[in-house]
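Biologist: Please take me on a close look at one part of this model, starting with a residue whose backbone stands out, and then follow the chain and its helix contacts from there.

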Amino acid sequence: MNLADVQAKYQAFKELGLKLDMSRGKPAPEQLDLSLPLLDALDGFKAADGTDTRNYGGIVAEARALFASLLDVPAPQVVVEGSASLSLMHDVLIYSMVYGQPGHAPWAGQSPAFICPVPGYDRHFGICEALGIRMINVAMTDNGPDMDEVERLVASDASIKGMWNVPKYSNPGGVVYSDETIRRLAAMKTAAPDFILMWDDAYRFHHLTAENIVSAGVIDACAAAGNPNRAWVFASTSKVTFAGAGLAALASSTENVAWWTKKSGIRSIGPDKINQLRHVRFLKDRAGVEALMVKHRDILAPKFDAVLAQFEAVLGGVEGVSWTYPKGGYFIDLVTPNGFAKQTIELAKAAGITLTPAGAAFPYGKDPKDAHIRIAPSFPSLKEITQAAEGIALALRLAIGR
C-alpha cells in the first residue's frame, strides 16, 4: 500500500463517523455479564464460622482462604479489603511515608525514589507523583526489567525505597518476569534497608492462550533470600467479576500483614463482608476462578487476534514499527518510530478513535522517545475493535508518511 492509498483509506475511515473509546482496559459488557449470577449468590448473610456479615467486626475467613489459594500463600499472610487493589497500593505507600515500613523511619523527609520499569502502568506512576516520590526509569526486557541496571541502582542509592512491578502480562507490554528475574529481585543487595517490591499481580489468571504460565512466588523467594518483608503482593477480582465492585487483596510477610492491619484499623472499622461472602459463594475456589477466566479468554482472545491481524496487514514490513504479541493481560504495546506516537494518536482521534495519551506508560507522562502507544482491545465489540485497529494503523502510516 503506497502513501496515496493510505491517505485515501484514512479519509474514507474518517467519513465513517466512528466514536470508539480505547483509552482504558475496561472489561466489555459481555465479560461483566459472566458474573451476573454473583448478584444472586447469597442464600444468607452468615459466613461459615457464623460471622454476621451485616455487622461491624470479624472477617470472612473463606475470602481470605480463596485469595490464599489464588496467590499461593498461607491464609494468615493475606488481607482482603475493599474492591480496588490500587487503593491498597496507595495506602501502603501512604503508610510508609507517614509511619515508615515495619521497624524503619517514615519516608517523608527522606526524598524517597522508586524504580519504574517502562513502559509501565500510569496509575502506579500517578501515586508516586502525588506523594512526591521521585521516579527512575528502567527499561523492560523480554524477561522483565533490566536487572543489571536495577541491581546497580539499588545497591548504590539509599534513597531508592522501592520498585513497581507487574510481573505477569505487564501493562502495556505483556511481559512475563522470568523466575531468574524474580529471584534476583528477591535477593539483590539494596542500600536502603527498607526497600520494598510493589508487586501488582493484576493479570495472574488473565491468559489469552491455553498456556497458563506459572511464575515463581515472590514472597517465598524473598523469604528464602533472607528478605521476608520485601514483597507486597496485590490482586483483585476487578477483571474477574465486576470492575469497581469486586474484591481486593494484599499478601506479604506475617510481620508486614500485622503492620498493615494495625495501620488500616485506624482508617476503617472493616471491609464490606457481604460482598466478600457473595464472591466466595459465586467463585467458590481456585478452580471456579480458572473456569470463569476461560470464558473471559473466549471473549478477549478474538479481539486481540483481530488487532494483530490488522497491524500485520497494514503495518507489516514498515520500518521502525513493531508491536507485542501478549499471551495474557489487557494490552498491546504498539511501538512507532521515534517521535510519532503523539501524532499518530492525534490522527486516530480525528478519525473517531480515543486512545490513552502518548507518554502515559512513562513517569510524569513523558515518553523520551515518543514511541509507545497502549492499545486496549477489551471494551469495543469485535467489529469495532477490528475497525479501530485498521484506523490506528492507517493513522500511524499517515503520520510517518509511508
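Modeller: Happy to! K284 is exposed, with a relative accessibility of 60%; here exposed means over 50% relative accessible area, buried under 20% and partly exposed in between, using a 1.4 Å probe and protein chains only. This is a predicted model, in which local features need pLDDT of at least 70 and side-chain atom pairs count only at pLDDT 80 or more, while totals for chains, interfaces and linings use all residues. Residues are numbered from 1 along each chain as its sequence is written, and side-chain values use heavy atoms, with hydrogens and water left out.

What draws the eye at K284 is its phi, which is positive at about 75° although the residue is not a glycine. Most residues other than glycine have a negative phi, and most peptide bonds are trans. K284 sits in the loop between α10 (273-283) and α11 (286-315). Helices (H or I, at least four residues) and strands (E, at least two) are DSSP runs, numbered from the N terminus.

From that loop we can step back into α10, which packs with α3 at an angle of about 55°, their axes 8 Å apart. The axes are lines fitted to C-alpha atoms, for helices over the stretch in contact, and the angles run from 0 to 180 degrees between N-to-C directions. The angle therefore makes α3 oblique to α10: under 35 degrees counts as roughly parallel, over 145 as roughly antiparallel, 65 to 115 as roughly perpendicular and the rest as oblique. The crossing of these two helices is left-handed, that is, the near helix is turned anticlockwise from the far one by less than a right angle, whereas clockwise would be right-handed. At the contact (heavy atoms within 4.5 Å), E62, A63 and L66 of α3 meet Q276, L277, V280, R281 and L283 of α10. By class, the residues there are five nonpolar, one polar and two charged; Ala, Val, Leu, Ile, Met, Phe, Trp, Tyr, Cys and Pro count as nonpolar, Asp, Glu, Lys and Arg as charged, and the others, Gly among them, as polar.

Following α3 onward brings us to another positive phi. D72, in the loop between α3 (61-71) and β2 (78-80), has phi near 60° and is not a glycine. D72 is partly exposed, at 45% relative accessibility.

A second helix pair makes a nice companion. The axes of α4 (residues 85-98) and α5 (residues 122-131) come within 11 Å and cross at roughly 25°, so α4 is roughly parallel to α5. Here α4 passes α5 in a right-handed crossing. L86, M89, H90, L93, I94 and M97 of α4 touch R123, H124, I127 and L131 of α5, a set of seven nonpolar, two polar and one charged residues.

Just ahead of α5, the backbone has another feature: a cis peptide bond with omega about 0° joins V118 and P119, and P119 lies in the loop between β3 (113-118) and α5. The bond from N171 to P172 is cis too, with omega near 10°; P172 belongs to the loop between β6 (160-165) and α7 (179-187).

Finally, the cysteines: counting sulfur pairs within 2.5 Å gives zero disulfides. For C128, the nearest cysteine sulfur is that of C116, 5.2 Å away, and C128 is buried at 0% relative accessible area.
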